[in-house]
Amino acid sequence: RIADRYELEELVGTGGMSSVYRARDRLLDRHVALKVLHPRHAEDDDYVERFRREARTVARLSHPNIVTVIDRGESDGNQFIVFEYVDGETLDRLVARRGALGVDEALAIAIAVARGLAFAHQNGLVHRDVKPHNILLNGDGHPKVTDFGIARSLDVKHGMTQSGTVLGTSNYIA
């Protein structure tokens with residue numbers, strides 16, 4: 001249990017910085033996605049600040065194609081972010097399961113993702129790690145962009161990345 005409110009039910013994903021669980025919000029009696037910073041990063045002020053910044057940044061983005069931030073906090077030294085739970089699968093899993101998507105379906109997903117990213121850009125944020133793994137599809141195939149963990153503010157004064165530093169997933173980085 002995290003923060004005496006969220007009961008972890010299932011690990012749904014893991015990355016270099018954090019793990020994501022499906023959890024039950026006991027207060028509101030609903031499923032949520034709970035992202036927990038890996039303990040090995042808990043003492044690193046830069047990682048903790050990047051994690052907190054992700055929550056603050058995404059919380060100000062309200063768009064149907066971007067996963068919604070619900071809460072952020074710390075419990076027993078564990079930094080966490082609570083997102084809406086998208087009951088479905090990632091785009092990479094869909095393609096692995098079904099193979100290449102039809103043109104119409106692929107375009108519909110790409111356009112919806114582009115709308116979410118355009119909204120983020122209009123609000124001063126560049127995602128920097130767009131890949132099929134970070135596109136969630138609900139049961140109706142409606143896409144939502146997630147994992148703004150290495151996003152960059154267009155306001156250079158408030159960015160986290162040092163000059164000359166490259167972040168992203170090598171197979172998808174431009």
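This is a short tour of a predicted model, going from a strand to several charge pairs and then to two surface patches.

**Stop 1: S18 and its surroundings**

Select S18, which sits in strand β2, residues 18–25. Is S18 buried or exposed? S18 has a relative accessible area of 7%, so it counts as buried. Now show what surrounds this residue. With neighbours within four places in sequence left aside, S18 is in contact with K35, V36, L37, H38 and F51. Keep K35 selected for the next stop.

**Stop 2: K35 and D147**

Add D147 to the selection. K35 and D147 form a salt bridge, and their closest N and O atoms are 3.1 Å apart. K35 belongs to strand β3, while D147 lies in the loop between β9 (143–145) and β10 (152–153), so the pair ties together parts that are 112 residues apart in sequence. What is the relative accessibility of each partner? K35 is at 6% and therefore counts as buried, whereas D147 is at 27% and counts as partly exposed. As a general point, side chains of opposite charge can pair when their charged atoms come close.

**Stop 3: other salt bridges**

How many salt bridges does the structure hold? There are 16 salt bridges. Select E105 and R98 to see one of them: here the closest N and O atoms are 2.4 Å apart. E105 is partly exposed at 30% relative accessibility, and R98 is partly exposed at 45%.

Next, select D129 and K131. Their side chains meet in a salt bridge of 3.7 Å, N to O. Both D129 and K131 are buried. Then select R1, D4, E7 and R26, which are joined into one network by salt bridges that share partners.

**Stop 4: a nonpolar patch**

Move to helix α3, residues 103–122, and pick L107 there. L107 has 47% relative accessibility, so it counts as partly exposed. Add V103 and I111 to the selection. Together with L107, V103 and I111 make a nonpolar surface patch of about 280 Å².

**Stop 5: a negative patch**

Last, select E43, in the loop between β3 (30–37) and α1 (45–59). Is E43 buried or exposed? At 73% relative accessibility, E43 is exposed. Which residues form the negative surface patch here? Extend the selection to D44, D45 and D46, which form the patch along with E43.

Terms used:
Residues are numbered from 1 along each chain as its sequence is written. This is a predicted model: local features need pLDDT of at least 70, side-chain atom pairs count only at pLDDT 80 or more; totals for chains, interfaces and linings use all residues. Side-chain values use heavy atoms; hydrogens and water are left out. Patches are made of residues with over 30% relative accessible area and no salt bridge: like charges are joined within 9 Å, nonpolar side chains (Val, Leu, Ile, Met, Phe, Trp, Tyr) within 5 Å. Accessible areas come from the Shrake-Rupley method with a 1.4 Å probe; for residues, only the protein chains shown count as cover. A salt bridge is a side-chain nitrogen of Lys or Arg within 4 Å of a carboxyl oxygen of Asp or Glu. Lys and Arg count as positive and Asp and Glu as negative; His and the chain ends are not counted. The place of a charge is taken as NZ of Lys, CZ of Arg, CG of Asp or CD of Glu. Helices (H or I, at least four residues) and strands (E, at least two) are DSSP runs, numbered from the N terminus. Buried means under 20% relative accessible area, exposed over 50%, partly exposed in between (1.4 Å probe, protein chains only). Contact means heavy atoms within 4.5 Å.
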